[in-house]
Amino acid sequence: MEPGAGEGSSTDDYESLISTTDAELLKRAWRNEKAAPEILKFEAALVQRSRQQIQLMEETVEEFTRNGVDPLTVSLYQMDLDRTLFLLRSYLRTRLQKIEKYVLHIQKTAELWNRLSKQEQKFAIRCVGDLTQHLEQSVLTKLPDQYQSHLKQSGASENDDMVPEPKLDTYIICRSKKFLGAFQLDDSGEEPVNIEADDLYALPYKSIKPLVESGQIDLV
């Protein structure tokens, strides 16, 4: 192989990937996950592409360094690599934190359970086992029988009132990329909100949840 041939091929592949919208899509998924009170659908395809892009960027930086490419050029590629790594790690970490916090609620809610990746489901199962074992050993076995459930406050409880749930009525900051027109927040009879493109709104999450799930609104 002639000198520089591998470098050109690697650079072309890298430029092809970086010119896609995956970087922006990952940033959007990260922002939405951090702002939403509940766990959102796992972006499996995007995460897989981002991992492939990270691998290609790592190979490119290593090749540039080995071939003596201008240090400024190498540092710019390294910055892109570091930024993508941060977004991906923070996205995954945020999801794990939500699973730990709401694991019992997620496990018993089919819709939420199906939003997890296979690896996240395995993590959630381990969390439930560890949490149940800890509660039984440290607290529940020392209480009367009617108070030994890790889901209910007592045997008289009709619902699982010991299970933390996300507060869907939390107000969040959101923005739409396009004009959506009048949107009725709920059935209270209040005037609809006129959602304009690029304007910021503070709205209850549960009211705009369908718009977030369909990608029509981004959380900030």
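Let's start with a helix: α3 supplies four residues to the lining of the second largest pocket, the largest share of any element. Keep in mind as we go that this is a predicted model.

That second largest pocket has a volume of about 190 Å³. Its walls are made by F42, A44, V47, Q48, R51, L92, L96, S117, Q119, E120 and F123. Besides α3 (44–66), the elements that put two or more residues into this lining are α4 (71–108) and α6 (118–138). Sorted by class, the lining has six nonpolar, three polar and two charged residues.

One of those lining residues, E120, is worth a stop. E120 sits in helix α6. Is E120 buried or exposed? Its relative accessibility is 5%, and buried means under 20%, so E120 counts as buried. What does its side chain have for company? A polar atom of the E120 side chain lies 2.9 Å from the backbone nitrogen of S117, and S117 also lines the second largest pocket. Looking past the neighbours within four places in sequence, you'll find E120 in contact with F42, R95, I99 and R115. F42 is another name from the pocket lining.

Now over to the largest pocket, which holds about 370 Å³ of space. Lined by 15 residues, this pocket has N32, K41, E43, V212 and E213 nearest its centre. Two elements give two or more residues to the lining, namely α2 (22–35) and α7 (205–213). Of the elements, α2 gives the most, with five residues. The classes here come out as six nonpolar, three polar and six charged.

Where does the largest pocket lie with respect to the domains? Both domain 1 (3–164) and domain 2 (167–220) give residues to its lining, so the largest pocket lies between them.

Last comes the enclosed space. How many cavities of 30 Å³ or more turn up in a search of the whole structure? The answer is one. The largest cavity has a volume of about 30 Å³, and you can find it by looking for E38, I39, K98, Y102, H105, I106, L112 and P166, which line it. Helix α4, which we already met at the second largest pocket, gives the largest share of this cavity's lining, with four residues. By class, the cavity lining has five nonpolar residues, one polar and two charged.

Conventions:
Residues numbered from 1 in each chain as written. Predicted model: local features only at pLDDT ≥ 70, side-chain atom pairs only at ≥ 80, totals over all residues. Heavy atoms only, no water. 1 Å grid on protein atoms, 1.4 Å probe; cavity = no way out; pocket = protein on both sides within 12 Å on 5 of 7 lines; lining within 4 Å. Points joined across faces, edges and corners; volume = space filled by probe spheres on them. Nonpolar A, V, L, I, M, F, W, Y, C, P; charged D, E, K, R; others polar. Domains from an automatic or database assignment. Buried < 20%, exposed > 50% of the residue type's maximum accessible area, 1.4 Å probe, protein only. Polar contact = N/O pair within 3.5 Å; in protein donor to acceptor, adjacent residues only side chain to side chain. Contact = heavy atoms within 4.5 Å.
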